[in-house]
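Visitor: Hi, I've never looked at this one before. Could you walk me through it?

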Amino acid sequence: MRIVVLAGGIGGARFLRGLKQAVPDADITVIGNTGDDIHLFGLKICPDLDTVMYTLGGGIDEEQGWGRTDETFHLKEELAAYGVGPEWFGLGDRDFATHIVRTQMLGAGFPLSAVTEALCDRWQPGVRLIPMTDDRVETHVAVTLPDSGSATGAGERKAVHFQEYWVRLRASVPAEAVVPVGAEQAKPAPGVLEAIAEADVILFPPSNPVVSVGTILAVPGIREAIADAGVPVIGLSPIVGDAPVRGMADKVLAAVGVESTAPAVAEHYGSGLLDGWLVDTVDAGCVERVEAAGIRCRAVPLMMTDVDAAARMAREALTLAEEVRAV
Ligand code: GDP
Ligand code: CA
């Protein structure tokens with residue numbers, strides 16, 4: 001069975017670990033979000049690709065969900081001693097090595113897809129991990145920063161890099177707009193459209209619908225290829241009981257006018273794209289609403305408390321795919 005998964009960071013990676021356990025013989029291609037990528041200290045950092053690679057390769061900091069196990073931060077401390085920041089972005093010594101290798105290879109002229117393949121030679125994630133594009137895409141968020149000095153308290157409106165919004169500001173101010181800068185001109189990376197065309201099933205894991213899956217779908221050609229693939233497209237809700245399980249997805253959903261509920265996210269993707277949608281059992285009451293939107297829906301436990309739980313979710317997604325295929 002050939003499975004294509006559109007993945008962000010933590011939610012995508014943990015689901016993929018379950019999927020691998022559920023169907024060990026499947027041929028899995030992961031199309032990774034690169035809208036979160038950022039250049040820091042002269043290095044190219046791809047947080048979502050690395051989270052998938054480290055999680056599936058056994059190098060992830062389990063508790064945190066990102067970054068390396070047994071990490072130390074000497075390099076960051078030394079940089080800070082020179083006054084070189086930003087200090088708000090956590091980069092450990094082990095993690096730095098990945099970004100150095102990546103930046104060196106990019107500098108030598110290799111596209112990001114080839115670099116990712118080379119990095120995966122070490123980590124052996126057991127899936128084929130392809131960035132959504134080799135072109136530069138950077139998600140920016142429009143915000144109005146509070147200004148205690150002004151009469152109204154409202155300050156300057158500006159666009160900040162997604163990481164600055166998410167990590168430095170911790171989504172503490174409303175996201176007024178979310179723009180994947182460069183996406184319109186980007187081309188899908190080699191292998192992306194081919195994998196979609198050859199897939200037996202396409203899965204949207206419980207990743208952020210706006211800044212992870214949404215950004216991948218913003219690369220021209222990818223959304224169309226998925227809609228035209230003629231195979232079941234099944235999603236799993238990252239929203240459980242009207243709130244994101246982790247993180248601040250509600251903030252970026254509000255920016256695109258979508259309420260933070262499992263059915264609203266399904267409607268946002270729409271029946272033109274999604275054939276099936278899994279919601280958590282606490283959201284069983286919304287199954288009818290999703291089905292009324294033309295999307296087959298089931299309520300099953302959706303908390304990835306461990307790998308077995310994620311594997312059960314993956315099996316439910318594949319079962320729903322077979323139901324969709326049968327009609
Ligand atoms: P990021 O790039 O690290 O933010 O990760 P993703 O975009 O892949 O996933 C983030 C989303 O995963 C968040 O919106 C969370 O609500 C969701 N998520 C995290 N853990 C779980 C879980 O156990 N169950 C479900 N249903 N969603 C989860
Ligand atoms: Ca991310």
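Guide: Here is a short tour, taken one topic at a time. Keep in mind that this is a predicted model.

Visitor: Okay, domains to begin with. What does the domain assignment give?

Guide: It gives domain 1 (37-131), domain 2 (138-182) and domain 3 (185-326). The contact between domain 1 and domain 2 takes 6 residues from each of them. The C-alpha centres of these two domains lie 25 Å apart.

Visitor: Now the calcium ion (ligand 2). Which protein donors does it have?

Guide: Its protein donors come from D36 (OD) and D48 (OD), with D48 listed twice, and they lie 2.0 to 2.6 Å from the ion. D36 sits in the loop between β2 (27-32) and β3 (38-40), while D48 belongs to helix α2 (residues 47-57). The two are 12 residues apart, and the pair links distant parts of the chain.

Visitor: Are D36 and D48 buried or exposed?

Guide: Both D36 and D48 are buried.

Visitor: Where does UniProt place the feature "binding site"?

Guide: The UniProt record, an unreviewed entry, puts that feature at D50. D50 is part of helix α2.

Visitor: And why does D50 count as buried?

Guide: Because its relative accessible area is 4%, and buried means under 20%.

Visitor: What is D50 in contact with, apart from its neighbours within four places in sequence?

Guide: D50 is in contact with T55, D95, T98, H99 and R102.

Visitor: Let's switch to strands. Which way do the residues of β10 point?

Guide: In strand β10 (residues 233-236), V233 and G235 point one way, and I234 and L236 point the other way. All of these are buried.

Visitor: What does β10 pair with?

Guide: One partner is strand β9 (residues 201-204), which runs parallel to β10 and is joined to it by 3 bridges. There, I202 has V233 as its bridge partner. Another is strand β13 (residues 276-279), also paired with β10 in the parallel sense over 3 bridges. In that pairing, I234 stands opposite G276.

Visitor: How about β1, why is it described as largely enclosed by the rest of the structure?

Guide: Because 5 of the 6 residues of strand β1 (residues 2-7) are buried. β1 pairs with β2 in the parallel sense, over 6 bridges, and A7 stands opposite G32 in β2.

Visitor: Next up, charges. How many salt bridges does a search of the whole structure find?

Guide: It finds 14. As background, side chains of opposite charge can pair when their charged atoms come close.

Visitor: Give me one that links distant parts of the chain.

Guide: Try R17 and E62, whose closest N and O atoms are 2.8 Å apart. R17 is in helix α1 (residues 10-22), and E62 is in the loop between α2 and α3 (74-81), 45 residues apart from it. E62 counts as partly exposed, at 45% relative accessibility.

Visitor: Got another?

Guide: E323 forms a salt bridge with R298, and there the closest N and O atoms are 2.5 Å apart. This pair also links distant parts of the chain: E323 is in helix α13 (residues 307-326) and R298 in strand β14 (residues 296-299), 25 residues apart. E323 is partly exposed at 26% relative accessibility, and R298 is partly exposed at 30%.

Visitor: Which salt bridge has both residues within α13?

Guide: That's R325 with E322, at 3.2 Å from N to O. They are 3 residues apart in helix α13, so about one helical turn separates them. Both are partly exposed: R325 has a relative accessible area of 37%, and E322 is at 39%. Elsewhere, salt bridges that share partners join E291, R296, R298 and E323 into one network.

Visitor: Last topic: anything unusual in the backbone?

Guide: A bit of context helps: most residues other than glycine have a negative phi, and most peptide bonds are trans. Here, a cis peptide bond joins G85 and P86, with omega about 10 degrees. P86 lies in the loop between α3 and α4 (93-107).

Visitor: And which residues have a positive phi without being glycine?

Guide: Among them is F41, with phi near 55 degrees, in the loop between β3 and β4 (43-45). D242 has a positive phi of about 65 degrees and lies in the loop between β11 (239-240) and β12 (243-244). F41 is partly exposed at 26% relative accessible area, and D242 is partly exposed at 48%.

Notes: Residues are numbered from 1 along each chain as its sequence is written. Chains are lettered from A and ligands numbered from 1 in the order in which they are written. This is a predicted model: local features need pLDDT of at least 70, side-chain atom pairs count only at pLDDT 80 or more; totals for chains, interfaces and linings use all residues. Side-chain values use heavy atoms; hydrogens and water are left out. Donors are N, O and S atoms within 2.8 Å of the metal (3.2 Å for Na, K and Ca); water is not among the atoms, so sites may look incomplete. Helices (H or I, at least four residues) and strands (E, at least two) are DSSP runs, numbered from the N terminus. Buried means under 20% relative accessible area, exposed over 50%, partly exposed in between (1.4 Å probe, protein chains only). UniProt positions are given in the numbering used here, feature names are shortened, and annotations may be inferred rather than shown by experiment. Contact means heavy atoms within 4.5 Å. Two strands pair if DSSP finds at least two bridges between them. A salt bridge is a side-chain nitrogen of Lys or Arg within 4 Å of a carboxyl oxygen of Asp or Glu. Domain bounds come from an automatic or database domain assignment.
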